[in-house]
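User: Please take a close look at a single loop of this model, with attention to its backbone geometry. Then set that loop in the context of the rest of the chain.

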Amino acid sequence: MATHLPVIGGHADGFGRTQRTDGWRRGPLITLIVFLTFIGYTTWAALQGKHYYSDPYLSPFYSPVLFTTPAGMVAGSAPVSHAWFGTFPSWWPSFVPLSPAILILVFPGSFRFTCYYYRKAYYRSFAGSPPACAVGPLAQIRKYRGESYVLLFQNLHRFALYFALLFILILGYDAVLAYFKDGVPGIGVGSVILTINVVLIASYTFGCHSFRHLIGGRKDCLSACGKPTVASVSFKQASWFNARHTEFAWASLLWVMLTDLYVRLCSMGVIHDLSTWSN
Ligand code: FES
C-alpha cells in the first residue's frame, strides 16, 4: 500500500520560489533599505571630520575623541580639552581625513556587524541565503557549512562585546556632559537625545547573546537552592533585553544616526537647540 507522507518545509527550486503567500518580501526589503541608508550616512559622516561637536553635545560617531584639530582650524570639531591625546599627531597620513571617527567606528561597527540578529538580517537581505524561511536562496548551496571558512571571523563577536560595554560608559559620560555647558547645569533637546541614545545602545548591548552567556548562560545552575542570586537576577534581566534584541537593534541603529544628525545640524547652525542655556 502506498503511503503519502506530508512534506514538511521545502520550496520549489530557484531564487525567491516559495509556497508562502504572506508578505515575506517586506522584511528583507526594509532591512536592505535601512542598512544601506545607515552604511551610506555613517560613512559620509565619519569622513567629514567637522560639525560633530556643538557645545555641549558630541556626536556618538566621534566618541571618544582621541585626537582633534587645533582650535579654530575646523568648524564644529571638539575642543582640544575634549580629546584624549590632544591634536592629531604629525605621523597622521596625509591621505586620511582628519576625522576622529575613523579611529573608533571599527569597535561599534564590528559589534553590530557580528551580532547574531544582524547576521540573520543581512544574510537574508544582502546575500539572499535564503531571503526568508522556506524561500529559495539566491545561490543553491549544495551543502550547508554553517559559519565556517571566512565566516569564522563572526566569532569575534564575544570580543567586540567587551568594547561595546566600554562604549556604554563612554557614551554615558557624554550624555552627562550634555547637561553642562561652560560648567552651568541645564538641559536642552540635545541632552535628551544623547541620553536616549545611550539608553537604547545599552539596552541593545545588555540583550546580546554573548553578554547573556557571559553572565550566566554558561552555567548549569544559577540560583542557590531555588533562592535568587546576583547571577540569576542578572540573567533574568538580560533575558528580558534579549527577548527584545531585535527591537533594540533597530531602535538604537536609527537613533544613533539621528543623534549624529541632530548634533551636526546644530553645529552647522541649520537648527537651533532649544535649551535652558538659550538666550
Ligand atoms: S547578539 Fe546582537 S549584539 Fe550580541
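Analyst: A residue counts as buried if 20 or more other C-beta atoms lie within 10 Å of its own, as exposed if 12 or fewer do, and as partly exposed in between, with C-beta atoms placed from the backbone. The model is predicted: local features need a pLDDT of at least 70 and side-chain atom pairs a pLDDT of 80 or more, whereas totals for chains, interfaces and linings use all residues. Numbering starts from 1 along each chain as its sequence is written.

The loop to examine is the one between strands β3 (180-181) and β4 (184-185), where Asp-182 lies. Asp-182 is not a glycine, yet its phi is positive, near 50°. Most residues other than glycine have a negative phi, and most peptide bonds are trans. Asp-182 counts as exposed because it has 8 C-beta neighbours inside 10 Å.

His-51 provides a counterpart in the loop between α1 and β1. Its phi is also positive, at about 55°, although His-51 is not a glycine. Its surroundings are described by the opposite term: His-51 has 21 C-beta neighbours inside 10 Å and therefore counts as buried.

Two peptide bonds also call for comment. The bond from Asp-55 to Pro-56 is cis, with omega near 5°, and Pro-56 is placed in the loop between β1 (53-54) and β2 (57-58). A cis bond also leads from Ser-129 to Pro-130, with omega near -10°; Pro-130 is in the loop between α4 and α5 (157-177).

These loops belong to a protein chain of 9 helices and 4 strands (DSSP runs numbered from the N terminus: H or I of at least four residues for helices, E of at least two for strands). In sequence order the pattern is α-β-β-α-α-α-α-β-β-α-α-α-α. The C-alpha trace spans about 90 × 55 × 40 Å along its principal axes, and 29% of the 279 residues count as buried.

Helix α4, residues 116-125, has Ala-121, Arg-124 and Ser-125 as buried residues. Viewed down the axis of α4, these buried residues lie within an arc of 85° (taken from the directions from the axis to the C-beta atoms), so they line one face of the helix. They pack against α1 (26-48). Tyr-122 is also found in α4, but Tyr-122 is partly exposed, with 17 other C-beta atoms within 10 Å. Between Tyr-122 and Pro-56, which are 66 residues apart along the chain, the C-alpha separation is 36 Å.

Further along the chain, α6 (residues 189-206) packs with α9 (residues 245-268) at about 155°, their axes being 9 Å apart; axes are lines fitted to C-alpha atoms over the stretch in contact, and angles run from 0 to 180 degrees between N-to-C directions. The two helices are therefore roughly antiparallel (the term for angles over 145 degrees). Residues in contact, with C-beta atoms placed from the backbone within 7 Å, include Ile-193, Leu-200 and Tyr-204 of α6 and Phe-248, Trp-255 and Val-263 of α9. The contact comprises 14 nonpolar residues, 5 polar and no charged (Ala, Val, Leu, Ile, Met, Phe, Trp, Tyr, Cys and Pro are nonpolar; Asp, Glu, Lys and Arg are charged; the others, Gly among them, are polar).

To return to the loop in question, Asp-182 combines a positive phi with an exposed position, whereas His-51 has a positive phi and is buried.

Key: Two residues are in contact if their C-beta atoms, placed from the backbone, lie within 7 Å. Angles under 35 degrees count as roughly parallel, over 145 as roughly antiparallel, 65 to 115 as roughly perpendicular and the rest as oblique.
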